[in-house]
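Me: I'd like a close look at one part of this structure, starting from a single side chain and working outwards. Keep it informal, please.

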Amino acid sequence: MGDSPETDGGETLADAARDEREVAAGRLREELNRDPTDAEIDEWLRHHTEGY
């Protein structure tokens with residue numbers, strides 16, 4: 001039970017990417033008043049991460 005990757009406090013790169021997409025989807029959902037497409041999420045992420 002205690003060996004689950006979700007409970008070790010660490011985050012994999014895949015987890016971080018998924019979290020980032022969830023944030024982008026949530027913000028777009030508020031802006032668009034509908035669920036965004038994958039292309040819209042990709043575009044939003046591209047615009048908001050260009051400086052990195």
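Reply: Val23 counts as partly exposed, at 41% relative accessibility; that label covers everything between buried (under 20% relative accessible area) and exposed (over 50%), using a 1.4 Å probe and protein chains only. Keep in mind that this is a predicted model, where local features need a pLDDT of at least 70, side-chain atom pairs count only at pLDDT 80 or more, and totals for chains, interfaces and linings use all residues. Residues are numbered from 1 along each chain as its sequence is written, and side-chain values use heavy atoms, with hydrogens and water left out.

Val23 belongs to helix α1. Here helices are DSSP runs of H or I with at least four residues, strands are runs of E with at least two, and both are numbered from the N terminus. From Val23 you can step across to Ile41: the two are 18 residues apart in sequence, and their C-alpha atoms are 9.5 Å apart in space.

Ile41 takes us into helix α2, which runs over residues 38-48 and has Ile41, Trp44 and Leu45 buried. Looking down the axis of α2, these buried residues fall within an arc of 95 degrees, so they line one face of the helix; the arc is taken from the directions of the C-beta atoms as seen from the helix axis. Part of what covers them is α1, residues 13-32.

Those three side chains also turn up in the largest nonpolar core, a set of six residues: Ala24, Ala25, Leu28, Ile41, Trp44 and Leu45. Such a core is made of buried Ala, Val, Leu, Ile, Met, Phe, Trp, Tyr and Cys residues joined through side-chain atoms within 4.5 Å. Both α1 and α2 give two or more residues to this core.

Leu28 is a handy member to follow. Leaving out residues up to four places away in sequence, Leu28 touches Asn33, Arg34, Pro36, Glu40, Ile41 and Trp44, where a contact means heavy atoms within 4.5 Å.

Take Glu40 from that list. Glu40 sits in helix α2 and is partly exposed, at 25% relative accessibility. Besides its neighbours within four places, Glu40 contacts Leu28, Leu32 and Arg34. Ala25 lies 15 residues from Glu40 along the chain, with 8.6 Å between their C-alpha atoms. Glu40 and Arg34 do something further, as their side chains meet in a salt bridge, 2.8 Å from N to O; the cut-off is a side-chain nitrogen of Lys or Arg within 4 Å of a carboxyl oxygen of Asp or Glu. Arg34 is partly exposed too, at 39% relative accessibility.

Now for Asn33, another contact of Leu28. Asn33 is in the loop between α1 and α2 and is exposed, with a relative accessible area of 69%. Its phi is near 60 degrees, a positive value in a residue other than glycine.

On to the other charged pairs. The structure holds six salt bridges. In one of them Asp35 pairs with Arg29, the closest N and O atoms being 2.7 Å apart; Asp35 is exposed at 54% relative accessible area, while Arg29 is partly exposed at 39%. Within helix α2, Arg46 and Glu43 meet in a salt bridge of 2.8 Å, N to O. These two lie three residues apart, about one turn of the helix, and both are partly exposed, Arg46 at 46% and Glu43 at 34%. Then there's a network of salt bridges that links Arg21, Asp38 and Asp42.

Stepping back to the whole chain, the secondary structure comes to two helices and zero strands. Of its 52 residues, 13% count as buried. The accessible surface is about 4400 Å², with 50% belonging to carbon and sulfur atoms; areas come from the Shrake-Rupley method with a 1.4 Å probe, and for residues only the protein chains shown count as cover.

How far should you lean on the model? The predictor's confidence in each residue, pLDDT, goes from 0 to 100. The chain averages 84, and 79% of the residues score at least 70. Over residues 1-5, pLDDT stays under 50, and the model gives that stretch two contacts beyond four places in sequence. Where pLDDT is low, the predicted coordinates should not be read in detail.
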